[in-house]
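Visitor: I'd like to be walked through this one, please. Could you show it to me first?

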Amino acid sequence: MAARVVAATTADALVLGAGIIGAACAFRLAERGLRVRVLERASALGEGSTGRSGAGVRVQFSEAVNVRLSWESIQEYRTFGERYGAESGYVPNGYLFLVPAHAWEAHLAGVAVQRRVGAPVEVLSPEAAQSHVPFVPEGIAGCTYGPADGYIDPVRVLRVYLEEAARRGAQLHLGAAAQRVARTASGWRVTTPVGTFEAPVLVNATGAWAGAVAHLAGLEVPVTPLKRCVYRTRGGNGGRGGAPSYPLTVDTASNFWLRGHGETLIFTISNPHQAPGFHEGMDWGWLATVRRVGEARFPWLSALRVDPAGSFWGFYEMTPDGSPILGEMAEAPGWLNACGFSGHGVQQAAAVGRIIAAEAVGERPFIPVDALRLERFAQPSTLLERHIV
């Protein structure tokens, strides 16, 4: 008996993943006049890494391309209401880095990179930094503060992007996890529980699942899921000097960070012992270590209780060098990667959407991304993002 041929829904571009990266790509592709289908594995929006992120946006990176991706995105988030009639939730309460002596010179080299891009960054003494948040200054050689850094509401942003895409004809399919992905004579064919779809362009914006999705097509994309847990307090946010909120403050000696959010604080340290993979649930056993390390730098944390209901976990999508994988793959024409953001997808999504749309129509992106293409892993590379939090 002959095999049954399943009719496919055709489009100009398939976007796999409807997180903030996929939503931004879908909007910009539809804006270019392409017929777009967005395939999302979950049954509702915001259930992946976007809805479980710390939501921060910052320019303080060591690699110029990452600075540019974030700085251009912040420009969009801060003017979101003017552009789209809905606010992004952008709160510029800053990022403050506390840096020990052995890392200070390299950190200042990063500041020079950030300023060359045009991003605002201040260099502060530990004493001056106390105006933002109280901390124990022993061992800290200097601090840097990004006044335009802050956080947004990423789920609100992805919804606006998808609404803008829909106004231009894009269609969203929920519960559409990729089951099979195959090349065709004219592009790519994706089989899902809700139908089969074909297009000459496929955008892999599946976040922590990007490596597994690529594997379905016989491709290797080195993205590894890594669980991260964030703990929330009951109250405790007390911005200083008239500021409404503590900035996201990173003790780079330990990688402990905290940030004010409403009336509360969120804080954590990435667990270096966490095994890669899709491990789910809060790691309450790790909290004792996080508190001990955090209270050594911020003693006032000891008086704050953790709110289990407000704490959350999610996945980082890690690459070997801490930078994203962007653009078309040389070995797979029409396959565009927009993944591997290593915890920075929210803050770079706005720029990435424009980059992927340009690539899809054969234009040179407004930010050159050759250093971020997959092929960089085939040879020794100088790209290594040092400012991973």
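Guide: Here the chain is divided into domain 1 (9-51 + 154-222 + 321-377) and domain 2 (93-148 + 225-318). Keep in mind that this is a predicted model.

Visitor: How do you know where the bounds of domain 1 and domain 2 lie?

Guide: They come from an automatic or database domain assignment. Taken over C-alpha atoms, the centres of domain 1 and domain 2 are 30 Å apart. The contact takes 10 residues from domain 1 and six residues from domain 2.

Visitor: What makes up the side of domain 1 that touches domain 2, by class?

Guide: That side of domain 1 has five nonpolar, five polar and no charged residues. A salt bridge needs Lys or Arg on one side and Asp or Glu on the other. Those four count as charged, so with no charged residues from domain 1, the zero salt bridges found across the interface fit the rule.

Visitor: How many residue pairs are in polar contact between domain 1 and domain 2?

Guide: Four residue pairs, with both residues at pLDDT 80 or more. The two domains also bury about 780 Å² between them, 57% of it on carbon and sulfur atoms. In domain 1, Ala208, Trp209 and Ser342 lose the most area to domain 2, together 48% of what that side buries.

Visitor: Now Glu198 and Arg189: why is the link between their side chains called a polar contact?

Guide: The cut-off is 3.5 Å between N or O atoms. The side chains of Glu198 and Arg189 are joined at 2.4 Å, so the pair is within the limit and counts as a polar contact. Glu198 itself lies in strand β12 (residues 195-199).

Technical notes. Residues are numbered from 1 along each chain as its sequence is written. This is a predicted model: local features need pLDDT of at least 70, side-chain atom pairs count only at pLDDT 80 or more; totals for chains, interfaces and linings use all residues. Side-chain values use heavy atoms; hydrogens and water are left out. Helices (H or I, at least four residues) and strands (E, at least two) are DSSP runs, numbered from the N terminus. A polar contact is a pair of N or O atoms within 3.5 Å; within protein, one must be able to donate a hydrogen and the other to accept it, and residues adjacent in sequence count only if both atoms are side-chain atoms. Contact means heavy atoms within 4.5 Å. Buried area is the accessible area (1.4 Å probe) that two parts lose on being put together, summed over both. A salt bridge is a side-chain nitrogen of Lys or Arg within 4 Å of a carboxyl oxygen of Asp or Glu.
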